[in-house]
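Visitor: Please take me through one part of this model in close detail, together with what surrounds that part. I should like each term to be given with its cut-offs.

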Amino acid sequence: MQAVVDLKSVHKRFGSQHVLCGVSFSVGRGQVVAIIGKSGSGKSTALRCINRLEHVDAGTIQVCNHAVHDPALNLRELRRDVGIVFQSYNLFPHLTVLQNITLGPTSVKRMSAAEARGLALEVLARVGLSDKADAYPEQLSGGQQQRVAIARSLAMQPQVMLFDEVTSALDPELTGEVLKVMEKLAVEGMTMILVTHEMAFARNVADKVVFMHQGQVWEEGAPAMLTNPATPELRQFIGNGL
């Protein structure tokens, strides 16, 4: 399987703190990879490095044929191919749902207003929110806002989607709404990397699980590894009900 995301020996420091200590893993086209691990293990930092929100100190990252580690990287080109959705929805409160979604395609991809509107309505249908196009973010539940954030990212037609603990601020019912949308994207063949604490999703939807511990990839493999961990660290992590 062709790797569309490939990290090799990636190191990242914040001052004296060595957050990523030689992280390596790859993601094939159409794969869903769940990154798990306790807080402070480097999960979100690894994800942010993939989208060049953080610079790496050493190692290489290739994403959709972009050399992300290269100082001369064209960020605009990278972010056309890689979408990211955060725990906080980051929607513009003064814009309607439709305006939030059309902003990227019209300003970054130079799409016409009519074309962007058609695309926005299409992605809203994909996340089950066709009736919310004219609503403002404050009129939506947290789960609906997160689904709009996913739709906004999809409107840029990325090759890879990154999700950084997108359900951690939601209650169980709203979490289920958002996970259903992500499950549908997986079925449609979207390449996805998600930092998550949702073990059931990792078991049932992911093609590969990456367990991070102390800034390293401690274990990786098929979701079956969650049932039969090879290391005491993963055994303890799962045993804590996380």
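Guide: Strand β1 (residues 3-14) and strand β4 (residues 58-63) run antiparallel and are joined by five bridges. Strands (E, at least two residues) and helices (H or I, at least four) are DSSP runs, numbered from the N terminus; two strands pair if DSSP finds at least two bridges between them. This is a predicted model, in which local features need pLDDT of at least 70 and side-chain atom pairs count only at pLDDT 80 or more, whereas totals for chains, interfaces and linings use all residues. Residues are numbered from 1 along each chain as its sequence is written, and side-chain values use heavy atoms, with hydrogens and water left out.

Within the β1 and β4 pairing, H11 has A58 of β4 standing opposite. The pair belongs to an open sheet of four strands with antiparallel pairing, in the order β2-β1-β4-β5. The edges are held by β2 (17-28) and β5 (66-67); each has a single partner strand, so one side of each lacks a neighbour in the sheet.

Helix α1 (residues 43-50) lies across β1, β2 and β4, and runs at about 60° to β2. Here contact means heavy atoms within 4.5 Å; axes are lines fitted to C-alpha atoms, for helices over the stretch in contact, and angles run from 0 to 180 degrees between N-to-C directions. Six of the eight residues of α1 are buried, namely K43, T45, A46, L47, C49 and I50. Buried means under 20% relative accessible area, exposed over 50%, and partly exposed in between (1.4 Å probe, protein chains only). Just after the helix, R52 takes a positive phi of about 60°.

C49 of this helix raises the matter of disulfides, each defined as a pair of cysteine sulfur atoms within 2.5 Å. The count by this rule is zero. For C21, the nearest cysteine sulfur is that of C49, 12 Å away. C21 is partly exposed, at 23% relative accessibility, while C49 is buried, with a relative accessible area of 1%.

The surroundings also include nonpolar cores, each a set of buried Ala, Val, Leu, Ile, Met, Phe, Trp, Tyr and Cys residues joined through side-chain atoms within 4.5 Å. In the largest, of 52 residues, I101, I150, F163, M182 and M192 touch the most other members. Helix α6 (residues 172-187) contributes the most to this core, with seven residues. A second, separate core has 29 residues, including L7, A46, V63 and V160. In soluble globular proteins, nonpolar side chains tend to be buried together.

V160 leads on to M190: the two are 30 residues apart in sequence, yet their C-alpha atoms are 6.8 Å apart. M190 sits in the loop between α6 and β8 (191-195) and is buried, with a relative accessible area of 12%. Residues up to four places away in sequence not being counted, M190 touches G30, Q31, V32, L154, P158, Q159, M161 and L185.

Finally, H213 is located in strand β9 (residues 208-213) and is buried, with a relative accessible area of 12%. Apart from residues up to four places away in sequence, H213 touches K38, S41, W218 and E233.
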